[in-house]
Amino acid sequence: MFTTEIEIRTGTEPVVHDLTREIEKFLAAAEGDNGLLHVWVPHATAGLAVIETGAGSDADLIAAIDELLPRDNRWQHQHGSHGHGRDHVLPAFLPPYASVPVVHGVLVTGTWQSVCLVDTNVDNPVRHVRFSFLAG
C-alpha cells in the first residue's frame, strides 16, 4: 500500500474543498496502474462527498447541510462556537471515507464527479486527509 497524509487549510467558513489536484499528484507519485484509492479524513467534524463542483452544487451542499443540520443551540454537544454540535453530526451524513477505483493510474469518476472534503467546523481551520493506494 502506498499512503500519504496532506494538510488542507479550510479557513473559517464552511467549505467544500475539491481534492482532485491533490489526488492526481498522489496517484502520479504512487506509480500504480490499477487498484483502489481510499481517502480518509481523521476528524470528528468533517466528511467526504463525491459531487460536482464549480457549477453551484458545492454551495447547494453547504445550504442543504445548513437546512438539515442548523447551526443553533439544539445540539447536546455544546462546546466551541454557536451550534458546533452539528459539526459532530455531519460525518453520519457525509462519512469520513471514500473509495474510488483507479484504472491505468487514473481515478475513475463520472464526468462531473470530484472527491471533496466537506468541513463545516469553523473552529478548526486545518484538516488532514490521508490518501492510500491499494494496488490490484
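This short talk walks through a sheet, a buried aspartate, an aromatic cluster and two loop residues.

Please keep in mind, as you look at the structure above, that the model is a predicted one.

Let me begin with the sheet, which is open and is built from five strands in the order 1-8-3-5-6, with antiparallel pairing. The two edges are taken by strand 1, covering residues 2-9, and by strand 6, covering 106-107, and because each of these has a single partner strand, one side of each is left without a neighbour in the sheet. If you follow strand 1 to its partner, you come to strand 8, residues 126-135, which runs antiparallel to strand 1 and is joined to it by eight bridges. To find your place along this pair, you can look for I6, which stands opposite V129 in strand 8.

Strand 8 also brings us to the aromatic residues, since a search of the whole structure finds two aromatic pairs. In one of them, the ring centres of F26 and F131 are 5.5 Å apart and the planes are at 45°, so this pair is described as tilted. Because F26 belongs to helix 1 while F131 belongs to strand 8, the pair ties together parts that lie 105 residues apart in sequence. Are these two residues buried or exposed? F26 is buried, with a relative accessible area of 4%, and F131 is buried as well, at 0%. Together with F2, the residues F26 and F131 form one aromatic cluster.

Next, I would like to turn to D119, which is found in strand 7, residues 114-119. Its relative accessibility is 2%, and since anything under 20% is called buried, D119 counts as buried. Which side chains does the side chain of D119 meet in polar contacts? One is that of T10, at 2.7 Å, and another is that of R127, at 3.0 Å. When neighbours within four places in sequence are left aside, the residues in contact with D119 include E13, P14, V15 and N124.

Finally, let us look at two residues in loops. E31, in the loop between helix 1 (20-30) and strand 3 (35-40), has a positive phi of about 50° although it is not a glycine. H104, placed in the loop between strand 5 (97-103) and strand 6, likewise is not a glycine and has a positive phi, of about 55°. As for their surroundings, E31 counts as exposed at 72% relative accessibility, and H104 is exposed with a relative accessible area of 59%.

Definitions and conventions:
Residues numbered from 1 in each chain as written. Predicted model: local features only at pLDDT ≥ 70, side-chain atom pairs only at ≥ 80, totals over all residues. Heavy atoms only, no water. Pairing = 2+ DSSP bridges. Helix = DSSP H or I, 4+ residues; strand = E, 2+ residues; numbered from the N terminus. Buried < 20%, exposed > 50% of the residue type's maximum accessible area, 1.4 Å probe, protein only. Polar contact = N/O pair within 3.5 Å; in protein donor to acceptor, adjacent residues only side chain to side chain. Contact = heavy atoms within 4.5 Å. Phe/Tyr/Trp six-rings, centres within 6.5 Å; stacked < 30°, edge-to-face > 60°.
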